[in-house]
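Student: I have just opened this structure and would like a guided tour. Please take me through it one question at a time.

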Amino acid sequence: MIATLALLSACAQSPQILSVDPKASGGYPRAGNGQAVTLNVVDGRDSSVIGTRAGVDSATSTITVEANDVIPKLQAQAEGALRSMGFNPTTQANGGPTLTLTLDELDYARGSAEQPVLRASALQAILEAKIENGSDTYTGRYTAKRNQSYAFKPDWDTNNRMVSELLGSALDRTFNDPQIGSLLAR
């Protein structure tokens, strides 16, 4: 029995490498008429470790979102968002407008719970969109936050879902900015 409890507590603190699946919800302002837009999605984070499950630094409780997993998924969602706005996204520079979308921050930190028996996590994602169209430039930063209370530390599925939803919310904030469509359409 003691060995089983030790094994379960060790598993509860094992590192989590998430495979997030952010989804942009759509319904963005239509501004384009088929114009080509060069889209670059990049990782601007210092580390792929976004936080820890225990709220303290420990190699056994890290939560990681690897760039080679999340960036292609953000790229696909950004391409879909641009298409729904009436643009034709491409990765080849064409002399037209360029949108560089940077995953600037993705954090999973210890939060504060409203009830003493609960624990909480504070999640935050920041995307930065930089648009260049001729001599015009525009930079916007879009933040999505989520506070989550829980009695038991979230498992892989729960963390994966929370971070995926957080990134989806950041994408929605980005592509709902009317300045993005307006500048890309010039």
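Student: How many bridges join β2 to β6?
Tutor: Helices (H or I, at least four residues) and strands (E, at least two) are DSSP runs, numbered from the N terminus. Two strands count as paired if DSSP finds at least two bridges between them. β2 and β6 run parallel, and V42 stands opposite T102 in β6. The number of bridges joining β2 to β6 is six.

Student: What kind of model am I looking at?
Tutor: Residues are numbered from 1 along each chain as its sequence is written, and side-chain values use heavy atoms, with hydrogens and water left out. Local features need pLDDT of at least 70, side-chain atom pairs count only at pLDDT 80 or more, and totals for chains, interfaces and linings use all residues, since the model is predicted.

Student: In what order do the elements of the protein run?
Tutor: The protein has four helices and eight strands. Read from the N terminus on, the elements run α-β-β-β-β-α-β-β-β-β-α-α.

Student: Which residue of β5 does T38 stand opposite?
Tutor: Let's stay with β2 for a moment. β2 and β5 pair in the parallel sense over three bridges. Opposite T38, in β5, stands T90.

Student: How many bridges join β7 to β8?
Tutor: These two strands form a hairpin with two residues between them, and G134 in the turn has a positive phi of about 65 degrees. The bridge partner of Q124 in β8 is K145. β7 and β8 run antiparallel, and the number of bridges joining them is 15.

Student: What share of the residues in the protein is buried?
Tutor: Buried means under 20% relative accessible area, exposed means over 50%, and partly exposed lies in between (1.4 Å probe, protein chains only). Of the 186 residues in the protein, the buried share is 40%.

Student: Which element gives the most to the largest nonpolar core?
Tutor: A nonpolar core is a set of buried Ala, Val, Leu, Ile, Met, Phe, Trp, Tyr and Cys residues joined through side-chain atoms within 4.5 Å. In the largest one, which has 39 residues, L82, L106, V163 and F175 touch the most other members. Elements that give two or more residues include β2 (36-43), α2 (67-84) and α4 (178-185). With seven residues, the one that gives the most is α3.

Student: Why would such residues sit together?
Tutor: That fits a broad trend. In soluble globular proteins, nonpolar side chains tend to be buried together.

Student: Which residues does L82 touch?
Tutor: L82 is among the buried residues of α2, as are V70 and L74. Contact means heavy atoms within 4.5 Å. Not counting residues up to four places away in sequence, L82 touches V37, L39, F87, P89, L99, F175 and L184.

Student: How far apart are the end C-alpha atoms of α2?
Tutor: The expected span of a helix is 1.5 Å times one less than its number of residues. For the 18 residues of α2, that should give 26 Å, which agrees with the model: the end C-alpha atoms are apart by 25 Å.

Student: Is the one aromatic pair stacked, edge-to-face or tilted, and what decides it?
Tutor: Rings of Phe, Tyr and Trp (its six-membered ring) pair if their centres lie within 6.5 Å; planes under 30 degrees apart count as stacked, over 60 as edge-to-face and the rest as tilted. A search of the whole structure finds one pair. The ring centres of Y28 and F175 are 5.9 Å apart and their planes are at 50 degrees, so the pair is tilted.

Student: How many residues apart along the chain are Y28 and F175?
Tutor: Y28 counts as buried because its relative accessibility is 6%, and F175 counts as buried at 0%. Y28 is in the loop between β1 (16-18) and β2, while F175 is in helix α3. The pair links distant parts of the chain, and the separation in residues is 147.

Student: Is G95 buried or exposed?
Tutor: G95 has its place in the loop between β5 (88-90) and β6. Its C-alpha atom and that of N133, 38 residues away along the chain, are separated by 8.7 Å. Because its relative accessibility is 80%, G95 counts as exposed.
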